[in-house]
Amino acid sequence: MFNSKIIGLGKYLPENIVTNADLEKIMETSDAWIQERTGIKERRHIVKGDGNSTSVMGVKAAKIAIERAGLTPNDIDFILFATLSPDYYFPGSGVLVQESLAIPDCPAMDIRMQCSGFVYALATADQFIKTGMYKNVLVIGSEYHSGGLDMTTRGRNISVIFGDGAGAAVLTRTENSNEGILCSHLHSEGKYAEELSLIGPNTGRWVPEILSANNPDDISYYPYMNGQFVFKNAVVRFSEVIHKGLVTAGWKKEDIGMLIPHQANLRIAQFVQKKFGLSDDQVYNNIERYGNTTAASIPIALTEAWEEGKVVQGTKVVLAAFGSGFTWGSVMIQW
Ligand SMILES: CC(C)(COP(=O)(O)OP(=O)(O)OC[C@H]1O[C@@H](n2cnc3c(N)ncnc32)[C@H](O)[C@@H]1OP(=O)(O)O)[C@@H](O)C(=O)NCCC(=O)NCCS
């Protein structure tokens, strides 16, 4: 059995910055409301026609991660692509990355686990590496939310929160059982599937049916979120799954070198920080600049923490996520 470790990280954010003041011009909201409830000051939005898409952003992040790993695309044995906003309904975005990187017939699999997507993808990559089936695995989290949000007052509780972007990691095998991913814990609770969801179109109601109904009240093609319910569940599940990881890894909370929570909402991250009694240096947040980028938020934040020298050899890194499904999970990494 091998361990897996991250040897390359990359990120890509679209250049177009959308501030809270920009949103004030198109919907009834305020910078004060958004900052107080979420901590967000600005986010990035793709500009239609700028050539970006979910897979294109993923490829940009992946190229940086592969180069930093000292590898070439042909060294990649397996691609895992986490997103809730794939380029197409089908096929998944992973195969588009494989084609763009020109990796001949490399397997590519999409992970549809929303905000927990990157954590699920890392855990999946780890299993394939542990068994020896694959050596180098490329894991991408990428989201293009802005094109599908209701940017009117009607959709403001969601549209002010989400942003576009991508992050990527390259994992490889190591024979040192004391380094890399030490453990992962994954969970889901489908009874709350519709509390944070986008349910239309679906296979019981295809696009032509929705369009022909011509019902302006049918906004099932926009994301729906029961915000307070999500918040209450998130703080409980984040805490539980971080605790489980600490127990399995044999770490104490003071051992944590860097906790990177999924960037859902600054208030959720602050709640978790307080609960574990962590200092500001032990927790990485960048939601104020990018909003919630769902499956991309952890790899973007991990990349930035690494670029800033806050994750170095020996750092005990905790990744934790909660999101639509509900799904949640944690990964403990001895860097
Ligand atoms: C979304 C969230 C910020 C809303 O905050 P909240 O305190 O729960 O606010 P509510 O939904 O109760 O709404 C309070 C008021 O603000 C209004 N409001 C909602 N969005 C607004 C916005 N963008 N700007 C201004 N006002 C807004 C509501 O209409 C409501 O007005 P009312 O009292 O007149 O009815 C909060 O619930 C939250 O952070 N939830 C978790 C979200 C999350 O993390 N999601 C991702 C999980 S992966």
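## A sheet in domain 2

Let's start with one pair of strands: S11 and S12 run parallel to each other and are joined over four bridges. One of the pairings involves Ile260, whose bridge partner in S12 is Leu319. Keep in mind while you look around that this is a predicted model.

Zoom out a little and S11 and S12 turn out to belong to an open sheet of four strands, in the order S8-S13-S12-S11, with mixed pairing. Strand S8 (180-188) and strand S11 (258-261) sit at the edges with a single partner strand each, so one side of each has no neighbour in the sheet. On average, neighbouring strands here are turned by 10 degrees against each other, ignoring direction. Helix H11, residues 297-307, lies across S11 and S12, and its direction makes an angle of about 150 degrees with S11.

## A sheet in domain 1

There's another open sheet to find, this one built from five strands in the order S1-S7-S6-S4-S5, again with mixed pairing. Its edge strands are S1 and strand S5 (108-111), which each pair on one side only. From one strand to the next, the twist averages 20 degrees.

S1 and S7 pair in the antiparallel sense, over nine bridges. If you want a spot to check, take Lys5: its bridge partner in S7 is Thr172. This sheet has a helix across it too, since H5 lies over S1, strand S4 (78-82), S5, S6 and S7. H5 runs at about 170 degrees to S6.

## Two domains, side by side

How is the chain divided? It splits into domain 1 (3-174) and domain 2 (180-334). Their C-alpha centres lie 14 Å apart, and the contact between them involves 46 residues of domain 1 and 43 residues of domain 2.

On the domain 1 side of that contact, several elements supply at least two residues each: strand S1 (3-12), strand S3 (42-44), helix H5 (117-130), strand S6 (137-143), H6 and strand S7 (165-174). Sorted by class, this side has 19 nonpolar, 17 polar and ten charged residues. S1, S6, S7 and H5 may ring a bell: S1, S7 and S6 are strands of the five-stranded sheet, and H5 is the helix lying across it.

## Around the ligand

Which residues come nearest to the ligand? Of the 21 residues around it, they are Thr29, Arg156, Asn157, Gly227 and Ala264. The elements giving two or more residues to this shell are helix H2 (31-38), helix H6 (156-159), helix H8 (227-249) and strand S12 (316-323). H8 gives the largest share, with five residues.

Both domains take part: domain 1 and domain 2 each provide at least three residues of the shell. By class, the shell is made up of eleven nonpolar, eight polar and two charged residues. Two names here have come up before: H6 also supplies residues to the side of domain 1 that touches domain 2, and S12 is the partner of S11 from the opening.

## The whole chain

Stepping right back, the chain holds eleven helices and 13 strands. Along its principal axes, the C-alpha trace spans about 60 × 50 × 35 Å.

How does the radius of gyration fit a compact globule? For 335 residues, such a globule would have a radius of gyration near 20 Å, and the chain has 19 Å, which agrees.

Methods: Residues numbered from 1 in each chain as written. Predicted model: local features only at pLDDT ≥ 70, side-chain atom pairs only at ≥ 80, totals over all residues. Near = placed C-beta within 6 Å. Nonpolar A, V, L, I, M, F, W, Y, C, P; charged D, E, K, R; others polar. Domains from an automatic or database assignment. Pairing = 2+ DSSP bridges. Axes fitted to C-alpha atoms, helices over the stretch in contact; angles between N-to-C directions. Contact = placed C-beta atoms within 7 Å. Rg over C-alpha atoms; globule rule 2.2 N^0.38 Å.
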